[in-house]
Amino acid sequence: MTEQEKKQLSESDICDLFITPAIQSAGWDPLTQIRREVTLAPGPVIVRGNMSSRNKKEKKFADYVLLREAGVPIAIVEAKDNNHGVSHGMQQALGYAEILDVPSAFSSNGDAFAAHNKVPAPGEDIEREFPLEAFPSPDELWNRYKTYRNIEDSEEELVLEPYHLDAYGKEPRYYQSEAINRVMEAVAKGDKRLLLVMATGTGKTYTVFQIIWRLWKAKQAKRTLFLVDRNVLADQTLVNDFKPFGSVMTKIKNRKIDPAFEIHLGLYQALTGPDPEDKIYRSVSPDFFDLIVIDECHRGSAAEDSAWREILDYFSGAIQIGLTATPKETKYASNITYFGEPVYTYKLKQGIEDGFLAPYKVVRYHLDKDLIGWTPEPGMTDDLGRDIEHRTYNQADMDRILVLNQRTKRVATCVMKLLNATDPFSKTIIFCEDIDHAERMRVAITNAAGQLALDYPKYVMRITGDSVEGKAELDNFIDPESRFPVIATTSELLTTGVDVKTCKLIVLDKTVKSMTTFKQIVGRGTRIEEDYGKFFFTVMDFKNATELFKDLEFDGDPVVIYEPEPDDDPVPPDPEPDPDDGVIKEPPGPYGAKKIHVSGVEVNILAKTVEYRGEDGRMITESYCDYSRKHIRNEYASLDDFINTWNGTRKKEAIVRELEEYGIELPKLADEVGKDYGDFDLICHIAYDAPPLTRRERAENVKKRDYFSKYGEKARAVLEALLDKYADEGVLTLESPKVLKLTPFDRMGTPVEIINDVFGGKTNYETALQELEQQLFNHQASA
């Protein structure tokens with residue numbers, strides 16, 4: 001092959017003809033060790049208004065990932081076509097190598113390889129180039145990986161214990177593999193206490209399943225205990241991620257640990273309690289379990305009497321893994337103090353930027369009685385005839401001390417207004433101050449929903465710990481296939497762990513001061529479910545709880561505040577009640593009996609703000625049009641630049657697809673600006689404030705000119721019909737190779753007959769089409 005011929009090859013051709021053969025020749029198995037075109041992350045979802053789209057420019061897509069074994073990546077190779085230099089793809093390769101935390105990155109254009117080694121030997125260059133035939137062997141790169149990750153030869157067997165292979169092809173995402181591998185490496189070194197920090201919605205349970213599976217298969221953990229704090233979490237795990245364990249797995253019940261099983265799922269409450277006879281974990285020996293995994297380990301404090309701490313102390317010889325989305329770090333309690341620094345952390349911010357987690361928009365309502373306050377008239381009594389203390393009541397009192405019935409109705413009206421404007425069947429969780437508030441909110445939503453509540457008796461349900469009927473509907477609320485209930489009002493039950501994958505709206509009418517609680521509440525919405533059209537979620541805030549988004553701690557690194565002196569107990573002391581944690585106890589007697597209930601006090605909205613998560617993670621106010629304007633101008637600095645590019649591009653579809661890479665979808669812009677405008681005018685108007693013309697106006701302007709006179713009668717008929725197609729459907733239809741099969745062209749002849757007989761061949765037809773587009777778009781402003 002000549003040098004010129006090589007430069008005509010595509011990047012894919014270069015891979016097939018030069019790069020892949022070179023890697024295989026070095027001893028890499030094409031079926032088990034070479035993965036081509038690997039999507040590491042799909043790219044973040046952009047949300048503006050009620051619209052969402054992926055920014056594919058931020059997609060992380062590796063040309064090659066080289067594996068030692070399935071799930072153990074050890075090198076990255078980035079390919080470029082032969083018009084680029086050998087090392088042109090190195091920066092991209094290094095970015096992916098950093099994500100996967102591997103020491104070897106390569107770039108090639110088909111002539112040679114450029115290599116980057118993060119652990120060079122003394123005197124060896126970090127980067128160098130070598131011929132295609134000199135690509136390193138699997139053993140060489142594996143030894144480099146072991147050096148980089150500090151893996152000893154004696155640890156290799158456990159580190160390479162195979163993953164569970166799913167019959168349906170499910171495999172861990174890159175960060176899940178990294179979390180699993182980090183745990184395997186730590187266990188291989190003899191570490192016994194391990195902490196995994198992974199944001200809600202990132203698949204912690206599936207990650208832990210793979211860890212338990214590999215340790216179980218490697219005979220490092222014959223018996224495992226997976227501890228959870230809610231029945232529904234154990235049941236979800238049993239039938240979903242842990243299903244492959246089959247008959248060796250059981251859920252601990254009837255207060256008995258059955259030694260016939262190897263994988264045990266248990267609730268804290270089923271294993272221990274305040275009385276000695278409740279502590280059934282003592283019915284087996286301290287060495288009974290080899291591995292204990294504690295889900296949501298932030299839920300208990302790390303204090304001596306914490307339920308999970310009591311169990312862990314008894315089984316102190318077991319490997320113990322804490323699993324959380326939110327490390328609990330206060331001056332009183334720290335799960336990092338107990339487990340040590342996390343072996344791996346994957347934050348909400350990273351999950352959103354990668355595109356695995358749903359971004360959010362925040363709608364804040366500022367109510368007059370919350371902000372300005374409400375002061376009763378002297379001598380005023382409540383609905384029960386009791387005297388009301390004469391003082392000013394504000395947001396901190398609402399639904400905790402003072403109940404204004406009109407306020408509850410106002411909140412319910414706002415919720416239903418948003419749902420009716422988007423999708424009244426979007427799964428919604430409304431977090432309330434307590435059970436009494438949750439019940440009143442259920443009533444208010446029922447009334448605000450009107451006909452929906454009449455047609456569907458389970459449209460809204462109160463799902464709280466005391467409600468048998470509500471808890472019975474929890475599985476239906478969680479199930480994406482189940483339409484009802486649509487709205488759940490709750491206080492605490494749904495704050496953690498419960499996997500409501502399709503939740504699109506979270507309503508906060510609850511005082512939240514605890515960052516741990518806030519992260520868990522927000523976590524109810526962070527899952528992306530593309531099959532159900534769920535790409536983002538909305539947080540509707542009536543209690544200013546979303547101010548916590550601005551706190552650096554929201555996605556900051558966990559920090560242990562408790563610092564014992566040399567002679568101090570290393571375990572943090574018991575927590576003292578925090579008056580600002582936003583948690584209140586239900587008063588004795590009927591729900592809310594001690595609260596002040598007042599009807600007839602009008603509550604109004606003072607202000608409403610809508611914010612989105614910006615590209616830097618900060619909350620911003622920006623519309624979809626504003627976002628599109630910014631990125632179009634980044635691509636085309638001026639209107640002239642854009643028009644010149646548009647007119648110089650043979651297929652306009654290329655420009656449309658380029659903008660889609662940024663998450664700019666022109667049909668969605670048309671929904672905001674007007675559906676009669678074509679792609680050209682939408683772009684010119686939104687990005688550069690040019691006055692737009694509709695597609696029909698542009699088509700009519702062309703017809704008014706003496707443009708068609710040079711064509712014969714049949715050609716004029718075809719071109720006028722193409723203009724009408726543009727006016728009705730747009731430029732992409734005009735350029736489609738199938739357009740001549742549509743009406744009215746099917747009455748003029750077959751596509752081949754029209755092209756050959758009417759226009760005298762394909763070249764002439766394409767030239768006529770190009771000239772037609774020039775007539776449409778050269779006269780940008782008018783006429």
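**Exercise 1. Two helices and their crossing**

In this predicted model, helix α14 passes helix α15 in a right-handed crossing. Work out how the two helices are oriented to each other, and which residues of α14 and α15 meet.

*Solution.* Begin with the geometry: α14 covers residues 405–421 and α15 covers residues 435–449, and the two pack at an angle of about 50 degrees with their axes 8 Å apart. Next, place that angle among the classes: angles under 35 degrees count as roughly parallel, and 65 to 115 degrees as roughly perpendicular, and α14 and α15 are therefore oblique to each other. Then turn to the residues in contact, where Thr408, Lys409, Val411, Ala412, Thr413, Val415 and Met416 stand on the α14 side, while Arg440, Met441, Ala444, Ile445, Ala448 and Ala449 stand on the α15 side. Sorted by class, this contact of α14 with α15 has 9 nonpolar, 2 polar and 2 charged residues.

**Exercise 2. A second helix pair**

Determine how helices α25 and α29 are oriented to each other, and name the residues through which they meet.

*Solution.* Helix α25 (residues 695–704) and helix α29 (residues 762–777) pack at an angle of about 110 degrees, and their axes are 9 Å apart. Since angles from 65 to 115 degrees count as roughly perpendicular, α25 and α29 are therefore roughly perpendicular to each other. On the side of α25 the contact is made by Arg698, Ala699 and Val702, and these meet Leu772, Gln775, Leu776 and Phe777 of α29. The residues of this contact divide into 5 nonpolar, 1 polar and 1 charged.

**Exercise 3. Burial in the whole chain and in one helix**

State what share of the protein's residues is buried, and then explain why helix α24 is described as largely enclosed by the rest of the structure.

*Solution.* For the whole protein, buried residues make up 55% of the 783 residues. In α24, which spans residues 679–688, 9 of the 10 residues are buried, so this helix is largely enclosed by the rest of the structure. The buried residues of α24 are Asp679, Phe680, Asp681, Leu682, Ile683, Cys684, Ile686, Ala687 and Tyr688. Just after the helix, Asp689 takes a positive phi of about 60 degrees.

**Exercise 4. The nonpolar cores**

Find which members of the largest nonpolar core touch the most other members, and follow the contacts of Ile23.

*Solution.* As background, nonpolar side chains tend to be buried together in soluble globular proteins. Here the largest nonpolar core has 126 residues, and Ile23, Phe113, Phe135, Phe242 and Phe245 touch the most other members. Taking Ile23 and not counting residues up to four places away in sequence, its contacts are Trp28, Ile34, Tyr64, Leu66, Val77, Phe113 and Phe135. Apart from this core lies another, of 52 residues, which includes Tyr627, Ala699, Tyr707 and Tyr765.

**Exercise 5. A lysine in a loop**

Decide whether Lys652 is buried or exposed, and list the residues that it contacts beyond its neighbours within four places in sequence.

*Solution.* Lys652 lies in the loop between α21 (639–648) and α22 (653–661). Its relative accessibility is 2%, and buried means under 20%, so Lys652 counts as buried. Leaving aside neighbours within four places in sequence, Lys652 is in contact with Trp646, Val731, Glu735 and Glu773.

**Exercise 6. Backbone features**

Locate the cis peptide bonds that join Phe484 to Pro485 and Thr743 to Pro744, and then compare the surroundings of Glu37 and Asp399, given that each has a positive phi.

*Solution.* The bond joining Phe484 and Pro485 is cis, with omega about -5 degrees, and Pro485 is found in the loop between α18 (474–478) and β20 (487–490). The bond from Thr743 to Pro744 is cis with omega near 10 degrees, and Pro744 sits in the loop between α27 (731–735) and α28 (751–758). Turning to phi, Glu37 has a value near 50 degrees and lies in strand β1 (residues 34–41), where it is partly exposed, with a relative accessible area of 47%. Asp399 has a positive phi of about 65 degrees although it is not a glycine; it belongs to the loop between α13 (368–371) and β17 (402–404), and at 2% relative accessibility Asp399 counts as buried.

Definitions and conventions: Residues are numbered from 1 along each chain as its sequence is written. This is a predicted model: local features need pLDDT of at least 70, side-chain atom pairs count only at pLDDT 80 or more; totals for chains, interfaces and linings use all residues. Side-chain values use heavy atoms; hydrogens and water are left out. Axes are lines fitted to C-alpha atoms, for helices over the stretch in contact, and angles run from 0 to 180 degrees between N-to-C directions. Helices (H or I, at least four residues) and strands (E, at least two) are DSSP runs, numbered from the N terminus. Angles under 35 degrees count as roughly parallel, over 145 as roughly antiparallel, 65 to 115 as roughly perpendicular and the rest as oblique. A crossing is left-handed if the near helix is turned anticlockwise from the far one by less than a right angle, and right-handed if clockwise. Contact means heavy atoms within 4.5 Å. Ala, Val, Leu, Ile, Met, Phe, Trp, Tyr, Cys and Pro count as nonpolar, Asp, Glu, Lys and Arg as charged, and the others, Gly among them, as polar. Buried means under 20% relative accessible area, exposed over 50%, partly exposed in between (1.4 Å probe, protein chains only). A nonpolar core is a set of buried Ala, Val, Leu, Ile, Met, Phe, Trp, Tyr and Cys residues joined through side-chain atoms within 4.5 Å.
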